[in-house]
Amino acid sequence: MSLEGKVAVVTGATRGCGRAIAVELGRAGATVYVTGRTTRETRSPMQRPETIEETGELVEAAGGRAVVVRCDFTSVSDVDALRAQIESEVDGIDILVDDVWGGDMYFHFDAPYWETPLEDALKLTHNALDTHLIALHRLLPLVIARRGLVLEVTDGDNDDYVGAGFPYYLAKCGIRALGRALGAELKAYDCVGLAVTPGFLRSESMLDHFEVTEENWRDAVGKLAPVDFKISETPYLLARGVAALAQDPSVSRFAGQTLASWTLMKEYDYTDIDGDRPDFGRWITEVRHTDKDEATTPPDNFR
C-alpha cells in the first residue's frame, strides 16, 4: 500500500522520533502536518537547534508533502488554530501521531523524588501528558471523520518501574494508558488507537549528551554511555514501523497495544537506516535482567 492521498499530523515533529516518523510517512506518500515549537525564528525552552522547517524539508526530500505549522501543544489556542487550518485545507486526518514530550529539562534520575524540585515534576507531567490530552480533544474529531489511526509515542512497552523517577514513570505509563483507552474507545468509530515505543534511542540530544555523532556513536559505549548503548537504534527504526502500521489494512489487530520498534521490525521485516536490526527487547530480557556480563556480551547476538 501507499499513503498517497492520506493526511498525517505529527506532534512533536521537531526532532527525534517525531521528525523521523514525519519523514517516513512522507516517504510513503502522505501529506504531513509537521508541528512543534522550535522554528528558525524562535526556540522552545528546550533550547535545541533542530527546527520544524528542517523536518519539513526532510519530508519533501523523501517525496512527501509537508505543511509546517508552529504549534505549542501546551496552548489550547495554538491547537485550536492548528485544527482550524487543517479543516480549511483538508477534510480530516488519516494518521495522528502524538509525540509531544518536552520533559528533558525536568526529570531527575539521580535523586529520590522527594529531594527533587516539585515544580520540575509538575512541569514534566504538564508537558508530557496535558499536551496529549489537548491534542486528542481537539484533533480526534478529524481522525474520526476519516476513520483513521492514532498512535501515542511513549518509552517502554510495559509498566515495569526501572528507576527513572516518579514523574517520568507516570508520564510514560500515562501514554501507554492512553493507547489502551484509545484502542477501546475508537473501535466504536471504526478507528484504531495504540501506543508505540523506541528502544535505546540515538536521538540528536542523546548523541550530544554522549558527545558523539551518528558516525562515531560506538565510541561512547562503556565510556560516557552505558554498555547497552551498543544495542541502540536511530529514530528511524520506530518511524519505519509507524509507516508500516499506517499502511497495514489489518492494523486493527493491534488496537490498544503498545508495540516496540523491535517488535515492529520483526513483524514487518525491515532494518534501521544503517542496515542494523537491534533487538533491544531481547537485550533487556536476556542480558540486563540476568547476571550476564553486559560488557562482554556480543551485540551481534541481538541483531
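Which helix gives the largest share of the lining of the second largest pocket? In this predicted model, that share comes from helix α7, residues 235-247, which contributes 3 residues.

## The second largest pocket

The second largest pocket encloses about 380 Å³ of space. Its lining is made up of 22 residues, and those closest to the centre of the pocket are R147, G148, L149, V192 and V251. Sorted by class, the lining comprises 11 nonpolar residues, together with 7 charged and 4 polar ones.

One of these central residues, R147, also has a backbone feature to note, since it takes a positive phi of about 50 degrees at a position just after helix α4.

## Helix α4

Helix α4 covers residues 118-145, a run of 28 residues, and its end C-alpha atoms lie 40 Å apart; this agrees with the expected span of 40 Å, reckoned at 1.5 Å a residue. Alongside that agreement in overall span, a local bend of about 45 degrees is found in α4 at L139, and the proline P141 follows within four residues of that position.

## The largest cavity

The structure holds 1 cavity of 30 Å³ or more, and the volume of the largest cavity is about 80 Å³. Its lining consists of 15 residues, with H108, Y113, T116, G165 and P167 lying nearest the centre.

Helix α4 takes part here as well, for both α4 and α5 (166-185) supply at least two residues each to the lining of the largest cavity. By class, that lining divides into 11 nonpolar residues, 3 polar residues and 1 charged residue.

## Cysteines

How many disulfides does a search of the whole structure find? The search returns 0. For C71, the closest cysteine sulfur is the one in C17, and the two sulfurs are 20 Å apart, which is too far for a bond. For C173, the closest cysteine sulfur is again in C17, at 18 Å, and this separation too is too far for a bond. A disulfide would require the two sulfur atoms to lie within 2.5 Å.

Are C71 and C173 buried or exposed? C71 counts as buried because its relative accessibility is 1%, under the 20% cut-off that applies to buried residues. C173, at 12% relative accessibility, therefore also counts as buried.

How values were computed
Residues numbered from 1 in each chain as written. Predicted model: local features only at pLDDT ≥ 70, side-chain atom pairs only at ≥ 80, totals over all residues. Heavy atoms only, no water. Buried < 20%, exposed > 50% of the residue type's maximum accessible area, 1.4 Å probe, protein only. Expected span 1.5 Å × (residues − 1). Bend = angle between axes of the 7 residues up to and from the residue. 1 Å grid on protein atoms, 1.4 Å probe; cavity = no way out; pocket = protein on both sides within 12 Å on 5 of 7 lines; lining within 4 Å. Points joined across faces, edges and corners; volume = space filled by probe spheres on them. Nonpolar A, V, L, I, M, F, W, Y, C, P; charged D, E, K, R; others polar.
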